[in-house]
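Let's take a walk through this structure together. Have the sequence at hand and the 3D view open as you read.

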Amino acid sequence: MARVIAIANQKGGVGKTTTAINLSACLAERNRKVLAIDIDPQGNTSSGLGIDKNKLKNSVYQMIIGECTLEECLVHTAIKNLDVLPSNVNLAGAEIELIGIEGREYILKKEVDKIRDDYDFILIDCPPSLNTLTVNAMTTADTVLVPIQCEFYALEGLTQLIHTINLVKQRLNPRLEMEGVVFTMFDARTNLSLQVVENVKSNLKQNIYKTIIPRNVRLAEAPSHGLPINLYDPKSAGAEGYRQLAIEVIEKDDAEMYEKNDISEIKYRNKKKH
Ligand SMILES: Nc1ncnc2c1ncn2[C@@H]1O[C@H](COP(=O)(O)OP(=O)(O)OP(=O)(O)O)[C@@H](O)[C@H]1O
Ligand SMILES: [Mg+2]
(Lines give C-alpha, C1' and ligand atoms only; values in the text may rest on other atoms or scores of the structure.)
(Ligands and ions follow the chains in the order given, each with its own letter.)
Protein backbone atom coordinates (compact mmCIF):
# COMPACT_ATOMS: atom_id res chain seq x y z
CA MET A 1 0.00 0.00 0.00
CA ALA A 2 1.30 3.45 -0.88
CA ARG A 3 3.01 5.71 1.59
CA VAL A 4 1.30 9.08 1.11
CA ILE A 5 3.57 12.07 1.70
CA ALA A 6 2.33 15.67 1.71
CA ILE A 7 5.07 18.14 0.83
CA ALA A 8 4.18 21.27 2.76
CA ASN A 9 5.51 24.56 4.02
CA GLN A 10 3.36 27.71 3.93
CA LYS A 11 6.48 29.71 3.17
CA GLY A 12 6.68 30.38 -0.57
CA GLY A 13 9.55 29.37 -2.82
CA VAL A 14 11.30 26.94 -0.47
CA GLY A 15 11.49 24.04 -2.94
CA LYS A 16 8.21 22.16 -2.39
CA THR A 17 7.45 21.76 -6.08
CA THR A 18 11.06 21.06 -7.06
CA THR A 19 11.07 18.32 -4.42
CA ALA A 20 7.67 16.94 -5.51
CA ILE A 21 8.76 16.68 -9.16
CA ASN A 22 12.24 15.29 -8.63
CA LEU A 23 11.63 13.04 -5.65
CA SER A 24 8.67 11.51 -7.56
CA ALA A 25 10.82 10.94 -10.63
CA CYS A 26 13.75 9.51 -8.65
CA LEU A 27 11.44 7.12 -6.75
CA ALA A 28 9.97 6.05 -10.11
CA GLU A 29 13.50 5.52 -11.44
CA ARG A 30 14.06 3.07 -8.58
CA ASN A 31 11.17 1.00 -9.87
CA ARG A 32 8.59 2.35 -7.40
CA LYS A 33 5.14 3.13 -8.76
CA VAL A 34 4.51 6.80 -8.02
CA LEU A 35 1.56 9.19 -8.18
CA ALA A 36 2.31 12.90 -7.91
CA ILE A 37 -0.72 14.96 -6.88
CA ASP A 38 -0.61 18.66 -7.65
CA ILE A 39 -3.01 20.54 -5.37
CA ASP A 40 -1.44 23.92 -5.97
CA PRO A 41 -3.38 26.19 -8.38
CA GLN A 42 0.02 27.34 -9.73
CA GLY A 43 0.17 23.89 -11.37
CA ASN A 44 3.97 23.85 -11.43
CA THR A 45 4.33 20.17 -10.63
CA SER A 46 2.06 19.42 -13.58
CA SER A 47 3.98 21.57 -16.07
CA GLY A 48 7.33 20.49 -14.61
CA LEU A 49 6.42 16.90 -15.47
CA GLY A 50 5.60 17.80 -19.05
CA ILE A 51 1.81 18.26 -18.79
CA ASP A 52 0.18 21.14 -20.64
CA LYS A 53 -1.85 22.38 -17.68
CA ASN A 54 -3.98 24.77 -19.71
CA LYS A 55 -5.32 22.04 -22.01
CA LEU A 56 -6.68 19.74 -19.33
CA LYS A 57 -10.24 18.47 -19.66
CA ASN A 58 -10.24 17.25 -16.07
CA SER A 59 -7.97 18.36 -13.26
CA VAL A 60 -7.83 18.22 -9.48
CA TYR A 61 -10.32 21.11 -9.45
CA GLN A 62 -13.05 19.07 -11.18
CA MET A 63 -12.27 16.17 -8.86
CA ILE A 64 -12.47 18.31 -5.72
CA ILE A 65 -15.84 19.81 -6.65
CA GLY A 66 -17.18 16.36 -7.57
CA GLU A 67 -17.39 16.76 -11.35
CA CYS A 68 -15.06 13.86 -12.08
CA THR A 69 -13.44 10.89 -10.36
CA LEU A 70 -9.74 10.58 -9.61
CA GLU A 71 -9.31 8.10 -12.45
CA GLU A 72 -10.88 10.55 -14.90
CA CYS A 73 -8.25 13.18 -14.13
CA LEU A 74 -5.27 10.83 -13.89
CA VAL A 75 -2.50 11.40 -16.45
CA HIS A 76 0.07 8.71 -17.30
CA THR A 77 3.28 10.60 -18.02
CA ALA A 78 5.92 9.57 -20.54
CA ILE A 79 8.09 8.68 -17.54
CA LYS A 80 7.93 5.02 -16.57
CA ASN A 81 6.15 4.35 -13.24
CA LEU A 82 4.99 7.95 -12.86
CA ASP A 83 1.39 9.23 -12.96
CA VAL A 84 0.13 12.71 -12.14
CA LEU A 85 -3.09 14.27 -10.92
CA PRO A 86 -2.61 17.66 -12.53
CA SER A 87 -3.95 21.05 -11.55
CA ASN A 88 -4.17 24.53 -12.95
CA VAL A 89 -5.40 27.98 -12.03
CA ASN A 90 -9.03 26.78 -11.88
CA LEU A 91 -8.19 25.23 -8.52
CA ALA A 92 -7.82 28.73 -7.05
CA GLY A 93 -11.65 28.94 -6.99
CA ALA A 94 -12.10 25.70 -5.05
CA GLU A 95 -11.38 27.25 -1.66
CA ILE A 96 -14.47 29.49 -1.93
CA GLU A 97 -16.67 26.80 -3.48
CA LEU A 98 -15.94 24.45 -0.60
CA ILE A 99 -17.04 26.87 2.12
CA GLY A 100 -19.86 25.33 4.13
CA ILE A 101 -19.60 21.94 2.43
CA GLU A 102 -19.71 19.20 5.01
CA GLY A 103 -16.69 16.89 5.03
CA ARG A 104 -14.69 19.23 2.78
CA GLU A 105 -11.46 18.23 4.58
CA TYR A 106 -11.88 14.63 3.40
CA ILE A 107 -12.61 15.08 -0.31
CA LEU A 108 -9.10 14.22 -1.52
CA LYS A 109 -8.74 11.36 0.97
CA LYS A 110 -11.95 9.70 -0.24
CA GLU A 111 -10.67 9.64 -3.82
CA VAL A 112 -7.08 8.65 -2.96
CA ASP A 113 -8.23 5.78 -0.74
CA LYS A 114 -9.66 4.10 -3.86
CA ILE A 115 -6.25 3.86 -5.55
CA ARG A 116 -3.79 3.61 -2.62
CA ASP A 117 -3.06 -0.01 -3.45
CA ASP A 118 -2.02 0.84 -7.01
CA TYR A 119 1.09 2.80 -5.95
CA ASP A 120 4.17 2.54 -3.74
CA PHE A 121 4.40 6.29 -3.12
CA ILE A 122 1.92 9.13 -3.48
CA LEU A 123 3.44 12.62 -3.17
CA ILE A 124 1.22 15.68 -2.76
CA ASP A 125 2.60 19.11 -3.66
CA CYS A 126 0.85 21.71 -1.45
CA PRO A 127 0.29 25.42 -2.11
CA PRO A 128 2.21 27.96 0.01
CA SER A 129 -0.56 28.40 2.58
CA LEU A 130 -2.35 26.47 5.29
CA ASN A 131 -5.74 26.53 3.51
CA THR A 132 -8.43 23.88 2.87
CA LEU A 133 -6.36 22.34 0.06
CA THR A 134 -3.34 21.86 2.33
CA VAL A 135 -5.61 20.47 5.06
CA ASN A 136 -7.03 18.02 2.48
CA ALA A 137 -3.48 16.91 1.70
CA MET A 138 -2.65 16.43 5.39
CA THR A 139 -5.89 14.52 5.98
CA THR A 140 -4.98 12.17 3.12
CA ALA A 141 -1.31 11.76 4.02
CA ASP A 142 0.59 9.38 6.26
CA THR A 143 3.39 11.90 6.72
CA VAL A 144 4.38 15.51 6.01
CA LEU A 145 7.73 16.30 4.40
CA VAL A 146 8.88 19.87 5.00
CA PRO A 147 11.43 21.42 2.65
CA ILE A 148 13.47 24.15 4.33
CA GLN A 149 15.43 26.62 2.27
CA CYS A 150 18.90 27.34 3.57
CA GLU A 151 18.37 31.05 4.16
CA PHE A 152 18.12 33.39 7.11
CA TYR A 153 14.36 33.18 7.68
CA ALA A 154 14.29 29.38 7.37
CA LEU A 155 12.66 28.72 10.72
CA GLU A 156 10.04 31.44 10.37
CA GLY A 157 6.55 29.95 10.27
CA LEU A 158 7.74 26.47 11.18
CA THR A 159 6.06 26.60 14.60
CA GLN A 160 2.76 27.44 12.89
CA LEU A 161 3.22 24.59 10.43
CA ILE A 162 3.96 22.06 13.18
CA HIS A 163 0.93 23.36 15.11
CA THR A 164 -1.28 22.81 12.04
CA ILE A 165 0.08 19.28 11.59
CA ASN A 166 -0.75 18.55 15.25
CA LEU A 167 -4.27 19.96 14.88
CA VAL A 168 -4.94 17.83 11.80
CA LYS A 169 -3.60 14.81 13.68
CA GLN A 170 -5.89 15.45 16.66
CA ARG A 171 -9.05 16.24 14.73
CA LEU A 172 -8.93 14.77 11.24
CA ASN A 173 -6.18 12.20 10.73
CA PRO A 174 -4.78 10.42 13.81
CA ARG A 175 -2.28 8.53 11.62
CA LEU A 176 -0.45 11.67 10.50
CA GLU A 177 3.26 11.85 11.35
CA MET A 178 6.12 14.12 10.45
CA GLU A 179 8.13 12.55 7.59
CA GLY A 180 10.94 14.96 8.28
CA VAL A 181 12.73 18.03 7.10
CA VAL A 182 14.83 18.31 3.98
CA PHE A 183 17.22 21.19 3.40
CA THR A 184 17.06 22.72 -0.08
CA MET A 185 19.13 25.21 -2.07
CA PHE A 186 22.23 24.62 0.04
CA ASP A 187 25.13 26.74 -1.10
CA ALA A 188 28.42 25.26 0.12
CA ARG A 189 30.23 28.53 -0.62
CA THR A 190 28.34 30.51 2.01
CA ASN A 191 28.61 30.33 5.78
CA LEU A 192 24.93 31.20 5.97
CA SER A 193 23.81 27.87 4.48
CA LEU A 194 25.93 26.01 7.03
CA GLN A 195 24.66 28.16 9.89
CA VAL A 196 21.03 27.54 8.91
CA VAL A 197 21.56 23.78 8.85
CA GLU A 198 23.26 23.85 12.27
CA ASN A 199 20.60 26.15 13.70
CA VAL A 200 17.69 24.02 12.50
CA LYS A 201 19.38 20.83 13.68
CA SER A 202 19.83 22.18 17.19
CA ASN A 203 16.30 23.63 17.40
CA LEU A 204 14.17 20.95 15.78
CA LYS A 205 13.36 17.60 17.30
CA GLN A 206 11.93 16.22 14.03
CA ASN A 207 13.60 13.76 11.70
CA ILE A 208 16.06 15.57 9.45
CA TYR A 209 17.09 13.90 6.21
CA LYS A 210 20.84 13.42 5.83
CA THR A 211 20.61 14.34 2.16
CA ILE A 212 20.93 18.07 1.59
CA ILE A 213 19.76 19.35 -1.78
CA PRO A 214 22.36 21.74 -3.24
CA ARG A 215 21.58 24.96 -5.03
CA ASN A 216 21.97 23.88 -8.64
CA VAL A 217 20.97 25.90 -11.69
CA ARG A 218 20.03 22.71 -13.60
CA LEU A 219 17.19 22.16 -11.09
CA ALA A 220 15.83 25.62 -11.91
CA GLU A 221 16.13 25.05 -15.67
CA ALA A 222 14.58 21.58 -15.89
CA PRO A 223 10.87 22.59 -15.47
CA SER A 224 10.96 24.78 -18.58
CA HIS A 225 11.77 21.60 -20.52
CA GLY A 226 8.98 19.66 -18.78
CA LEU A 227 11.52 17.19 -17.44
CA PRO A 228 12.58 16.04 -13.99
CA ILE A 229 16.26 16.50 -13.19
CA ASN A 230 17.22 12.81 -13.57
CA LEU A 231 16.19 13.01 -17.23
CA TYR A 232 17.15 16.62 -17.95
CA ASP A 233 20.69 16.35 -16.58
CA PRO A 234 21.27 12.95 -14.99
CA LYS A 235 24.83 13.77 -13.93
CA SER A 236 24.10 17.12 -12.27
CA ALA A 237 24.54 17.73 -8.55
CA GLY A 238 20.77 18.28 -8.35
CA ALA A 239 20.03 14.85 -9.82
CA GLU A 240 22.53 13.30 -7.42
CA GLY A 241 20.82 15.05 -4.49
CA TYR A 242 17.29 13.92 -5.34
CA ARG A 243 18.45 10.35 -6.12
CA GLN A 244 20.04 10.22 -2.68
CA LEU A 245 16.88 11.59 -1.08
CA ALA A 246 14.79 8.93 -2.86
CA ILE A 247 17.04 6.21 -1.43
CA GLU A 248 16.63 7.64 2.08
CA VAL A 249 12.84 7.89 1.74
CA ILE A 250 12.65 4.26 0.56
CA GLU A 251 14.91 3.10 3.40
CA LYS A 252 12.78 4.90 6.01
CA ASP A 253 9.60 3.43 4.55
CA ASP A 254 11.12 -0.07 4.44
CA ALA A 255 12.38 0.20 8.03
CA GLU A 256 8.92 1.18 9.30
CA MET A 257 7.33 -1.66 7.38
CA TYR A 258 9.78 -4.19 8.87
CA GLU A 259 8.90 -2.81 12.31
CA LYS A 260 5.25 -3.61 11.59
CA ASN A 261 6.37 -7.06 10.41
CA ASP A 262 3.92 -7.11 7.50
CA ILE A 263 4.98 -10.36 5.78
CA SER A 264 3.07 -9.96 2.52
CA GLU A 265 4.40 -6.41 2.09
CA ILE A 266 7.97 -7.58 2.88
CA LYS A 267 7.73 -10.28 0.18
CA TYR A 268 6.34 -7.76 -2.32
CA ARG A 269 9.17 -5.32 -1.67
CA ASN A 270 11.90 -7.93 -1.80
CA LYS A 271 10.67 -8.78 -5.29
CA LYS A 272 10.94 -5.09 -6.31
CA LYS A 273 14.60 -4.98 -5.37
CA HIS A 274 15.54 -7.56 -8.02
N1 LIG B 1 18.00 23.29 -5.30
C2 LIG B 1 17.70 24.30 -6.10
N3 LIG B 1 18.65 24.94 -6.81
C4 LIG B 1 18.34 25.98 -7.60
N5 LIG B 1 17.12 26.48 -7.75
C6 LIG B 1 16.12 25.90 -7.07
C7 LIG B 1 16.34 24.77 -6.22
N8 LIG B 1 15.15 24.41 -5.68
C9 LIG B 1 14.23 25.25 -6.16
N10 LIG B 1 14.80 26.15 -7.00
C11 LIG B 1 14.13 27.25 -7.70
O12 LIG B 1 13.58 28.11 -6.71
C13 LIG B 1 12.28 28.55 -7.06
C14 LIG B 1 11.27 28.09 -6.01
O15 LIG B 1 11.25 26.67 -5.98
P16 LIG B 1 9.89 25.86 -5.93
O17 LIG B 1 8.93 26.33 -6.96
O18 LIG B 1 10.23 24.43 -5.91
O19 LIG B 1 9.37 26.30 -4.49
P20 LIG B 1 7.91 26.13 -3.88
O21 LIG B 1 8.10 25.99 -2.40
O22 LIG B 1 7.17 25.06 -4.57
O23 LIG B 1 7.25 27.52 -4.24
P24 LIG B 1 5.71 27.94 -4.00
O25 LIG B 1 5.61 28.21 -2.53
O26 LIG B 1 5.50 29.15 -4.86
O27 LIG B 1 4.87 26.78 -4.42
C28 LIG B 1 12.02 27.96 -8.44
O29 LIG B 1 12.35 28.91 -9.40
C30 LIG B 1 12.96 26.77 -8.51
O31 LIG B 1 13.33 26.46 -9.84
MG1 LIG C 1 5.25 25.11 -5.43
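We start with confidence, move on to the sheet, and finish at the ligand.

What you see is a predicted model, so a word on confidence belongs at the outset. The protein chain has a mean pLDDT of 94, and 99% of its residues reach 70 or more. For the complex, the predictor reports an ipTM of 0.99 along with a pTM of 0.96.

Now turn to the strands. An open sheet is built from 7 strands, and if you trace across it you will meet them in the order E3-E4-E2-E5-E1-E6-E7. The pairing in this sheet is mixed. At its edges sit strand E3, residues 75-76, and strand E7, residues 177-184, each of which pairs on one side only.

Within the sheet, look at E2 (residues 34-38) beside E5 (residues 121-125): these two strands run parallel to each other and are joined over 5 bridges. To pick out one of the pairs on your screen, find Ala36, whose bridge partner in E5 is Leu123.

Next comes the ligand. Which residues lie closest to ligand 1? They are Lys16, Thr17, Thr18, Pro128 and Ala220, within a shell of 19 residues surrounding the ligand. Two helices, H1 (16-29) and H10 (217-221), each supply at least two residues of that shell. H1 gives the most, with 3 residues.

Finally, consider the chemical make-up of the shell around ligand 1. Sorted by class, the shell holds 10 polar residues, 6 nonpolar ones and 3 charged ones.

Notes
Residues are numbered from 1 along each chain as its sequence is written. Chains are lettered from A and ligands numbered from 1 in the order in which they are written. This is a predicted model: local features need pLDDT of at least 70, side-chain atom pairs count only at pLDDT 80 or more; totals for chains, interfaces and linings use all residues. pLDDT is the predictor's confidence in each residue, from 0 to 100. A residue is near a molecule or strand if its C-beta atom, placed from the backbone, lies within 6 Å of it. Helices (H or I, at least four residues) and strands (E, at least two) are DSSP runs, numbered from the N terminus. Ala, Val, Leu, Ile, Met, Phe, Trp, Tyr, Cys and Pro count as nonpolar, Asp, Glu, Lys and Arg as charged, and the others, Gly among them, as polar. Two strands pair if DSSP finds at least two bridges between them.
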